[in-house]
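Colleague: I'd like a close look at one part of this model, the surroundings of a single charged side chain. Could you walk me through that, and then add whatever else you have on the interior?

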Amino acid sequence: MLARLDLVRWWVGFAALGLVAVAVGFTSVGDPALALELALGLPFVLIVFSDLAVGVGLFVLSQFLLPNTGALAKVTGLLLLAAALVRASPHLRRRADLVTDQPILCGLVAISVVWVALSISWAADGSTAASNALRYAQNATLFVIVFAAVRNERDAKVILGAFALGAALSAAYGFVGGANLTQPGRLVGATGEANELATYLVAGLVLSIGLAVTSRKVPPLMLGASFCAAACVLGLALTLSRAGLVALLGALIASTVVVRRHRGVITLAAVLAAAGFAVYFLALAPPQARQRIFSDPSGTSGRTALWTVARRMIEAHPVDGVGIGNFPLRSVDFLVRPGVLHNDSYVVVEPLEAHNIYLQLLAETGIVGFLLFAAVVATALRCGWQTTRGRAPERDHDLMVLAEVTLVATVAVLVANFFAPGLFDKQMWLLFALGPALWSLARERHAWPSDARTPVPAAAAS
C-alpha cells in the first residue's frame, strides 16, 4: 500500500515536471531569459515532490540569498503549496492535516487573510492593497506547507539548518565584498538592508546553537552549525544595528525563560554574550561604529517621524485602517497635524513603511486586523511553548531543544520588528509555522511508535 502511495506521489511530480517543461518550451520563444530561469528551476520541481522538507529548505535559502526575486518566490511558493496539498490528501497523508490538528489556528489565519483582503475595498490605492494582500495570503500558506513538510526531527533540522545557513551566507556575502551602496559603513549582506540582516542573524545564531547541541553525534554537522553561529555573531556586530542588538537582548532574556534544562548555564552564557558585545562597542569598535550605536540622532529621527504619522493615521482610522500596503501612499496626508516632525524626508521625499509592523498593521488594517494577526502569532507561540514542555524530556531531548531555539528565535524577530518593516518577511512566517508543526510532531511521538504504521494508545507509546 505504501509503495503504491509513494508511486502516486512520484507520478504527480513527473506530471508537474512535464507541464513545466512544456511551459519552458513556449516561453523560450518570446523570453529566452525567463525560459532559462524556468529551466534552472526544473530540478527544484522534482525535489519538492520527492522531499518537501528539502524543498522548503531551498526556498528559505533563496529568501536569504535572492531576497528581491518576487516572481521566483511566487512560483516556488506555489510549487511548495501544491506539494503540501498532495501530501495532505486523504490518500497520501499519514497523520492529521493542519485543519484537523489546529482548527482554531486555521480559523484565525483564514479570518485574518479575509480581513486583509477586505481592506482593498476601502484603500485609496486598490492595486497596491491587492498586491500586498496577496503577499500576506502567500505568507499564511507557510503554515500549511511547513506542517506538511515536518514529519520527523530530521525534517525540522533540514529547515532550521537552511535558515541558519542562509543567515550565515548572507553575512558572508558582505564579508567578501558585497556591494553596499545604500548604507555605507554597515554590513548589509545579500539582503541589502542592515537592520533586516541583523534581525535574522540573531535568529540564525539562536538556531545554530540549537542545531549544534542536537548534532553532537555528527561532528561535521556540529562543526558546520558552530561556523554558522560564529558568522552570525561577527555579522551582527558589523551591521551596527541597534534593532539587532535589542533583538539579541530579547533573545537572551527569552532563553532564560524558555530553556528548560541547564537554565543556569544558559543564563551565564546570556550574561557573557551581552558583556562581550558591550565591551566590543565600548572599547574595541571604531569611533564611527560607537557613534552609530550610541549617539546618532539622525538614525532615529526618521523612524520616530514615521511612528508619529502612524499614530495619527490610527487615530483617524482606528477600526479599519487605510488599507493594506497604503501607509507609504497615505502618510503625506497626515503630515500637517498638531505636533512637530523632526525629519519628514521619509514621508515626503522617499515615503517608507512605518518601520514597526505593529503600528503599520494598526494603521493599515485597524484594530481588527492587528488583533487577528496577534491572535495568530500568540497561537503559534503557544504551540511552540507546549512543545518545550514535553512529557518525556529525556526521550524528546532533541525535539525539545529544536522547539526551544525556534521559540527564542521567533521572540527575537518579533522584538526586532518593533523597529523594522518586516511584516511580509517569509523567514518570520516560517518561524511562526514551525510552532504548530513541532507541537504536532511532539504529540505524534507519544501516540505512534517509530517503527509502526498504525496508531497505538499514548500510554503504550510512552
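Modeller: Here is the arginine first, then the cavities, then the cysteines. Keep in mind that this is a predicted model.

Let's start with Arg 186, which sits in the loop that links α9 (153-175) to α10 (194-213). What does a buried arginine do here with no salt bridge? The nearest side chain of opposite charge belongs to Glu 193, and that is 5.5 Å away. A salt bridge would need a side-chain nitrogen of Arg within 4 Å of a carboxyl oxygen, so Glu 193 doesn't qualify. Arg 186 does have polar partners, though. Its side chain makes a polar contact of 3.1 Å with the side chain of Asn 195. The Arg 186 side chain also reaches a backbone atom, the oxygen of Leu 240, at 3.4 Å.

Now for the empty space. There are 4 cavities of 30 Å³ or more in the structure, and the largest holds about 60 Å³. Its lining includes Ala 380, Leu 381 and Gly 384, along with Thr 406, Thr 410, Phe 432 and Leu 438. Three helices each give two or more residues to that lining: α18 (357-388), α19 (397-416) and α20 (426-445).

Last, the cysteines. The structure has 0 disulfides. Cys 106 counts as buried because its relative accessible area is 18%, and the cut-off is under 20%. Cys 383 is buried too, at 1% relative accessibility.

Conventions
Residues are numbered from 1 along each chain as its sequence is written. This is a predicted model: local features need pLDDT of at least 70, side-chain atom pairs count only at pLDDT 80 or more; totals for chains, interfaces and linings use all residues. Side-chain values use heavy atoms; hydrogens and water are left out. A disulfide is a pair of cysteine sulfur atoms within 2.5 Å. Buried means under 20% relative accessible area, exposed over 50%, partly exposed in between (1.4 Å probe, protein chains only). Helices (H or I, at least four residues) and strands (E, at least two) are DSSP runs, numbered from the N terminus. Lys and Arg count as positive and Asp and Glu as negative; His and the chain ends are not counted. A polar contact is a pair of N or O atoms within 3.5 Å; within protein, one must be able to donate a hydrogen and the other to accept it, and residues adjacent in sequence count only if both atoms are side-chain atoms. On a 1 Å grid over the protein atoms alone, a cavity is a set of points where a 1.4 Å probe fits but cannot get out, and a pocket is an open set with protein on both sides within 12 Å along at least five of seven lines; lining residues have an atom within 4 Å of a point. Grid points are joined across faces, edges and corners, and a volume is the space filled by probe spheres set on the points.
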